[in-house]
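Let's take a walk through this structure together, one chain at a time. Have the 3D view ready to turn as you read.

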Amino acid sequence: MTRPPRGGGPGRLLLHAVAYAVVVFLLLPTILVAPMSVSPEKYLQFPPAGFSLRWYAAYFADREWIEATLFSAQAGLIAAVGATVVGTMAALALVRGRVRGRMVVELLVVGPVVVPHIALAVAMFLVFEQLRLTGTLLGFAMAHIVLALPFAIFTVLAALYRFDADLEMAALSCGAGRLRTFWHVTLPMILPGVASAGLFAFIISFDEAVVSFFISDLDRKTLPRKMFEDIDFDVSPVLAAVATMLSLLTIAVLVLGHFFRQMADRRAAPVAEAGGR
Amino acid sequence: MALGGAGTEGRVAVRDLVKRFGPVAAVDGVSLDVAAGEFVALLGPSGSGKTTILMAIAGFEFPTSGRVEIGGEDVTWAPPNKRNLGMVFQRYTLFPHMSVVENIAFPLKMRGIGRAEREAKAQAALATVRLEGYGARRPSQLSGGQQQRVALARAIVYRPRVLLMDEPLSALDKNLREEMQLEIKHLQQRIGVTVVFVTHDQTEAMTMADRVAVLDRGRLQQVGAPRDLYEAPATPFVAGFIGETNFLPGRAKAAAVAGAPVAVALDGGGEAVATAVGAVPAGVAVRVAVRPERVALSPPSADTLPGTIAEAIYAGVATTCIADIGGDRRLRARIAAGTGLVQWEPGARVGVGWRAEDARAFAAAP
């Protein structure tokens, strides 16, 4: 080639058009829900006939919605802490430890991602039913830890790979034991990665629907499960309001996660290696 | 500061150390004694095992067999944080999320020393490495040389009995490196700590160390003061690794005991004299090693090797003449500037020679 491949031939234009069409198609339903949620009418309607926050008010006034939300938040928090702690430990073991069959373990870690959620849901239902864990906070938290764990492990693994392991040797040579080396040196350095692992674990738990559908009971249910029920009984604009708030929460978490990642990159930036003074 | 390495506290001994990685022996039966307060350099090319020995002393590698003793105590299997050693790494390894003074105070914190005392000792250590006033900075705000000084301060702040250094100056540029060599040497003499220093740079080893241990392929070649290594290398490897050496293969014309002069019939013609390093039986293959500055060039005569100057390289302090002595053999001769010796021009016919005590004959390994 005599010139850099740049500028717009017709093929390139078409490619862009298709790419943007896909993005719009993906986002459109999510974006449409927001105006529908502020419609004053009793049924879902687009375009909205006016502007009203009555369905948001209805959500906050409804004990069932709030209970489901709080239950989801509790399960999400426990799942986030659990997945982060276990994920960090597992990532450390994979990177620093002498784990037999490390390849196998690394493959198994991906398990919950590749196994169809519905299969996982049935399996968990059968086991949890025996253990009387269905409809309990502990049951939801455990199920969500399993689902969030792969993401937590990979996020922390990425942070560990960026981290200079020689710093751990330096800490050991300074008289710190393994535990204190982790606490004073490794953890502060990988903290942004650990924090973003926690955030994503929370989101994965908070909007998880399939497994929750199976392990809920009549009283204890998560927010997504409650939304499913509402769609079955009456399709009220409260649903649109809840969906909009969920989307905003997810976006907020993504932005926060992005911020953590930037922080992680800055932390990992190598200390000046140049000579001279 | 107190004399941290005085007495027997700072003694380091490595006994019959072997470290295998799979079928490869990185360290192959090395024994070495370092006296308290001594500065010993482990010198060798990459893959010689020098870093593995240091890591075994530090506790980051456990040997396949053999022992490590510090202060007369067997620490072969003790974890690194229980050995009370100071360590400076090749890369500066300062904790980026801590300030300079927090970095230096870290080992004191790990030893349960109170905040006020920590701060005072860290500031004192900072002054020792001439970085007063830099305590509040982050490591990333310092230059390479300053960072390595902070790493040094962190390694000596708790007055360890032994200081281990793994090529600590290799990331610095040449001028700064030479300055730091002397600075570390002076600091070591002032605080009296035992130092084991790994380097691949022979000049650095010779400049800094009381004794140098030369390693090749996991084996200890020779341990001695810089002068001994240069003047009396025990193996051809040491002769070739430390300084510049001309090697000429040949056969001993007569038997000689160690230290006696031996006449050698050179492969490719001619005869030369050298001092036998070990006992040399008559007729055995030997290698004659002679330093360029010990080679004398003169007008051709009966008791010198006839040669022709192929090249004369002027380098200010000295001129290196490359003499072709036939049989595809070339010898380097170095003529120091200002000595009034003849400056030979390329093409000149010369006689090449040396005194027996200036050359060494190594019996070739059977």
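A good place to begin is with the part to trust least: over residues 1-6 of chain B, pLDDT stays under 50. The model still has 21 contacts beyond four places in sequence for residues 1-6 of chain B, so to speak of them at all is to speak of a low-scoring stretch. Keep in mind that everything here is a predicted model. Taken as a whole, chain B has a mean pLDDT of 91, with 98% of its residues at 70 or more. For the complex, the predictor reports an ipTM of 0.83 and a pTM of 0.81.

Now turn to chain A. What does its secondary structure come to? Chain A has 12 helices and 0 strands, so if you follow the sequence from one end to the other, the pattern is simply α-α-α-α-α-α-α-α-α-α-α-α. Why call chain A more spread out than a compact globule? Its radius of gyration is 23 Å, while the globule rule for 277 residues gives 19 Å; the value for chain A is well over that, and this is why it counts as more spread out. You can get a feel for its extent from the C-alpha trace, which spans about 70 × 65 × 35 Å along the principal axes of chain A.

What about the inside of chain A? Of its 277 residues, 34% are buried. Look at the contacts in chain A with a separation of 6 or more, and you'll find that 74% of them are between residues 24 or more positions apart.

Over in chain B, look for a barrel. It is closed, it has 5 strands, and it runs β11-β12-β13-β20-β14 with mixed pairing. On average, neighbouring strands of this sheet are turned by 55 degrees against each other, direction ignored. To see one pairing up close, pick out strand β11 (residues 246-252) and strand β12 (residues 261-266) of chain B: they run antiparallel and are joined by 3 bridges. Within chain B, you can also spot Ala252(B) standing opposite Val264(B) in β12(B).

Finally, where do the two chains meet? The contact takes 22 residues from chain A and 30 residues from chain B. On the side of chain A that touches chain B, the elements giving two or more residues are α8 (166-173) and α9 (178-206) of chain A. The largest share comes from α8(A), with 6 residues. Sorted by class, this side of chain A has 12 nonpolar, 5 polar and 5 charged residues.

Definitions and conventions:
Residues are numbered from 1 along each chain as its sequence is written. Chains are lettered from A and ligands numbered from 1 in the order in which they are written. This is a predicted model: local features need pLDDT of at least 70, side-chain atom pairs count only at pLDDT 80 or more; totals for chains, interfaces and linings use all residues. Helices (H or I, at least four residues) and strands (E, at least two) are DSSP runs, numbered from the N terminus. The radius of gyration is taken over C-alpha atoms; the globule rule is 2.2 Å times the number of residues to the power 0.38. A residue is buried if 20 or more other C-beta atoms lie within 10 Å of its own, exposed if 12 or fewer, and partly exposed in between; C-beta atoms are placed from the backbone. Two residues are in contact if their C-beta atoms, placed from the backbone, lie within 7 Å. Two strands pair if DSSP finds at least two bridges between them. Axes are lines fitted to C-alpha atoms, for helices over the stretch in contact, and angles run from 0 to 180 degrees between N-to-C directions. Ala, Val, Leu, Ile, Met, Phe, Trp, Tyr, Cys and Pro count as nonpolar, Asp, Glu, Lys and Arg as charged, and the others, Gly among them, as polar. pLDDT is the predictor's confidence in each residue, from 0 to 100.
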